[in-house]
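This report goes through one protein model, from its metal site and cross-links to its interior and backbone. Please keep the sequence and the coordinates at hand while reading.

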Amino acid sequence: MLFSEICVGITLGMVILETWSLPVQNSSAVDESRLRLKRTYSGKKIHPDEMNAMDQILLANKRVKSVMGVSLKDGDIARSHLRSAISCPGSNCRWPKSVDGFVYLPYIISSQYNDMDRITIETGMLDIASVTCIKFVPRTHEANYVDIQPKLGCWSFLGMTGGAQTLSLQSPNCMWSGVASHEFMHALGFVHEQSRSDRDYHVTILWENIIQGQRHNFQKHKTNNLNTAYDYSSIMHYGKYAFSEDGEPTIIPKQDPNIHIGQRDGPSATDIHKINILYDCGGLV
Ligand SMILES: [Zn+2]
């Protein structure tokens, strides 16, 4: 099954995001390119303009260890302690298609958000809804829905879990529309781009540069890639320095190490294409 293949393969792992701090540069002899590599997630050394959505998510989740019975895998994919693993049995975790061809994703949103927060979150929804058959709708009576709350960090469960499922967008840390759409894509069933089964043809993982104890965040998953090309510009892609031990890169594109990976604006054209294929939108938007 298409969707199960996407979801299956995320195995158990207690992701615990630990605070990491990296050595401060103190040598004037270090050239600029070297300095650029020695960036950190401290928020001071990484230029905000260069951060992609996942960089921001990892920054926001830096201190997240466990939130109300939820632990995180791959940086921001939630799993309940009541479950042994994240998985999508069959196609049960794909949101159902309505008879009119649209896929209605009911949500409720916390009253703790201010107007700007709501606009940001709704922009993240609209960036998906305006070009796919996915329609985010305020919940009325539906049993299965997303409960958007400003808990600690930015995270979502994978696919539809059944019942109410929390999607956390902390304010202000997660208040980028690109971060919101990233989390909504998890809720739709998508994992990170560099988790793809074919990723080793496209990126090199520099295992030696990854923080000890965080290498599980770079596992490949058995994904159905929906006949799409590997997408360096996916909103679902880790940044080049994700989980870096000492500021050295952890992911390098194979074709050209200078290709920028990830971005912050919103779903890429390929992200949108994948949603349309997975949900069989057939041009309906
Ligand atoms: Zn993510």
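## Basis of the description

A residue is called buried when its relative accessible area is under 20%, exposed when it is over 50%, and partly exposed in between, with a 1.4 Å probe and protein chains only. The model is a predicted one, in which local features need pLDDT of at least 70 and side-chain atom pairs count only at pLDDT 80 or more, while totals for chains, interfaces and linings use all residues. Residues are numbered from 1 along each chain as its sequence is written, and side-chain values use heavy atoms, with hydrogens and water left out.

## Glu-183 and its surroundings

Glu-183 belongs to helix α5; helices (H or I, at least four residues) and strands (E, at least two) are DSSP runs, numbered from the N terminus. With a relative accessible area of 0%, Glu-183 is buried. Contact here means heavy atoms within 4.5 Å, and, leaving aside neighbours within four places in sequence, Glu-183 is in contact with Ile-57, Asp-76, Cys-154, Trp-155, Ser-156, Leu-167 and Leu-169. Between Glu-183 and Ile-235, which are 52 residues apart in sequence, the C-alpha to C-alpha separation is 9.7 Å.

## The zinc site

Asp-76, listed among the contacts of Glu-183, also takes part in the metal site. The zinc ion is coordinated at 2.0 to 2.2 Å by two listed OD donors of Asp-76 and by the NE2 atoms of His-182, His-186 and His-192. Donors are N, O and S atoms within 2.8 Å of the metal (3.2 Å for Na, K and Ca), and, as water is not among the atoms, sites may look incomplete.

Along the chain, the donors of the zinc ion follow the spacing D-x105-H-x3-H-x5-H. Two of the histidines have computed accessibilities to report: His-186 is buried at a relative accessible area of 0%, and His-192 likewise counts as buried at 0%.

## Disulfides

The structure holds two disulfides, a disulfide being a pair of cysteine sulfur atoms within 2.5 Å. One of them joins Cys-133 to Cys-281, with an S to S distance of 2.1 Å. This pair links distant parts of the chain, 148 residues apart, with Cys-133 in the loop between α4 (115-129) and β4 (134-138) and Cys-281 in the segment after α6 (269-278). The torsion about the S-S bond of Cys-133 and Cys-281 is about -70°, so this disulfide is left-handed; Cys-133 and Cys-281 are both buried.

A disulfide also joins Cys-154 to Cys-174, with an S to S distance of 2.1 Å. Here the linked parts of the chain are 20 residues apart, Cys-154 lying in strand β6 (residues 154-157) and Cys-174 in the loop between β7 (164-169) and α5 (177-188). The S-S torsion of Cys-154 and Cys-174 is about -90°, so the disulfide is left-handed, and both cysteines are buried.

## Nonpolar cores

A nonpolar core is a set of buried Ala, Val, Leu, Ile, Met, Phe, Trp, Tyr and Cys residues joined through side-chain atoms within 4.5 Å. The largest has 54 residues, and those with the most contacts inside it are Ile-121, Phe-136, Ile-148, Leu-169, Phe-184, Leu-188 and Tyr-279. Helix α5 supplies the largest share of this core, namely six residues. Apart from the largest core lies another, of six residues, among them Val-70, Leu-72, Ala-78 and Phe-157.

Within the largest core, Ile-121 touches Ile-109, Tyr-113, Ile-148, Leu-169, Met-175, Ala-180 and Phe-184, not counting residues up to four places away in sequence.

## Backbone features

A cis peptide bond, with omega about 5°, joins Ser-171 and Pro-172, and Pro-172 is found in the loop between β7 and α5.

Phe-243, a residue other than glycine, has a positive phi near 55° and lies in the loop between β8 (203-205) and β9 (251-253). Asp-280, in the segment after α6, also has a positive phi, near 50°. Are these residues buried or exposed? Phe-243 is buried, with a relative accessible area of 0%, whereas Asp-280 is exposed, with a relative accessible area of 56%.
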